[in-house]
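Open the model in your viewer and keep the sequence panel beside it. The stops below are meant to be taken in order.

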Amino acid sequence: MTQFSDLDALRAACLNLPSGSDAAAAVVRERQAILTKPAGSLGRLEALAEWLARWQSRPTPRLDQVDVLVFAGNHGVTHQGVSPYPASVTVQMVANFASGGAAINQIAEVAGAILRVIPLDLDNPTQDFTQAPAMAQAEFLHAVAIGHSAVSADCDLLCLGEMGIGNTTAAAAIAAALFGGGGSRWAGRGTGIDDAGLERKRSVIDAGLARHAACFGEPLLIAMALGGRELAAILGATLAARQHGIPVLLDGFVCTAAAAPLARLRPDALDHAMLAHLSAEAGHRALTEALALHPLLDFGMRLGEGSAAALVVPLLRAAVACHAGMATFAEALVDNRG
C-alpha cells in the first residue's frame, strides 16, 4: 500500500502532478475534423473523446477496463441526528452490494464496468466533528492510502462512488470550509430528513465549522477535521488516477466535496476528472460552480454509490466508438466542405 508519512508528504504529492498529453488530444481533434459529420456536430461527445485521449496519453482512447470503486465509511456525527437512518445501514448496504442487490450493481453491469466496494473500518466511526477532528492524522493518511492503492494502473477509466450514513453532512461541512458560507448554504436533505432534521443538520455543520475554523487555510486539514474515511479514500484515489494517467468520473455531491481539497491545493488538479451529474442534493450546484466543473447529466439523482458515474460510461463508450469507428470523408467517398 502506498503510504504518506505525514501531511507534508501528501501535500507534496498533490502539488506534483503530471500533465495530460497535448499531442494525443491534438490527434483526436485532427481526426474529428475529417470524420463524416459537420464540424462539432457530436457536441460534447467529441470533447469527451479528446479528454479521454489527453489523460490516457493515447491518440485513440480505449475503455477496455473500466473500474468502479465505492468506498464506505461511518461518521460519528450521525449521533447528532443528521440522518433519518442509523449508521448500521452502511454495513447493511455494503452487504447488499456484495450480493448484487443495489442500483450500482445493475448500472455497473450495463456499463461493462468492474465494481469493487471497499469498506473502511465501519465498526469504528469517525469522531463527531463538533467535538473533535473527525480523524487523527494517522487515520486520515491511512484512509487516503487505501484509496490511492485501490487504483489499478491498468485501468482505462475510474468511476468513484461512496456509501456512508452521514456523509452529506461531512461533504457540506468540507464545502463550507473550502468555499465559505455555513450550513444554510450547503446542507441538504441527504437521505430524506424532515424540516426539523434539516435545521439540526445545518446547526451541526455550523458547530463543526466554528470548532475547526483554524483549519480553513489548509485544505487537507479541512478534509481531516470535517470529512470521513470514505471521502479521504476518494481523495487518494483521485490523486492516484492522476499519477497513473487515468481519467476519472466523479459521482455527485459527496465525491465532488471529497476531491475538492485537491483543487484548492492546485487549481488544475481535477482536470483529469469529469463530473458525472448534477446531484439533486442541495449545495451541489454551488460546488460545481466553485470548481468550474460541468456535469454531464442532470437526472435528479441523489443516490450516491457511484451510480451516476457508472451511468455515464455508456456515453463515453459511444464517444470512443464514434471517434474510432466512423469513416473519414475520404474513406466514405463523401465530399467534404470546399
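**Stop one: a leucine and its surroundings**

Select L10 in this predicted model. Setting aside neighbours within four places in sequence, L10 is in contact with F4, F140, L141, V144, L220 and L239.

Now widen the selection to the core that holds L10. This is the largest nonpolar core, with 77 residues. The members that touch the most others are L10, F71, F140, L158, L160 and L226. Next, colour helix 12, residues 253-265. Helix 12 gives the most to this core, contributing 10 residues.

A further core lies apart from that one and has 38 residues. To find this other core, select V70, I107, C159 and L296, which are among its members.

**Stop two: the sheet**

Hide the side chains and show the strands. Five strands make an open sheet, in the order 2-1-3-4-5, with parallel pairing. Which strands stand at the edges? They are strand 2 (114-119) and strand 5 (273-275). Each has a single partner strand, so one side of each is left without a neighbour in the sheet. Looking across the sheet, the twist from one strand to the next averages 25°.

Zoom in on strand 4, residues 248-250, and its pairing with strand 5. The two pair in the parallel sense over three bridges. Select L249, and M274 in strand 5 is what stands opposite.

**Stop three: a helix on the sheet**

Finally, select helix 14, residues 307-325, which packs on the sheet. Helix 14 touches strand 1 (66-72), strand 3 (157-163) and strand 4. The direction of helix 14 makes about 165° with that of strand 3.

Conventions
Residues are numbered from 1 along each chain as its sequence is written. This is a predicted model: local features need pLDDT of at least 70, side-chain atom pairs count only at pLDDT 80 or more; totals for chains, interfaces and linings use all residues. Side-chain values use heavy atoms; hydrogens and water are left out. A nonpolar core is a set of buried Ala, Val, Leu, Ile, Met, Phe, Trp, Tyr and Cys residues joined through side-chain atoms within 4.5 Å. Buried means under 20% relative accessible area, exposed over 50%, partly exposed in between (1.4 Å probe, protein chains only). Helices (H or I, at least four residues) and strands (E, at least two) are DSSP runs, numbered from the N terminus. Contact means heavy atoms within 4.5 Å. Two strands pair if DSSP finds at least two bridges between them. Axes are lines fitted to C-alpha atoms, for helices over the stretch in contact, and angles run from 0 to 180 degrees between N-to-C directions.
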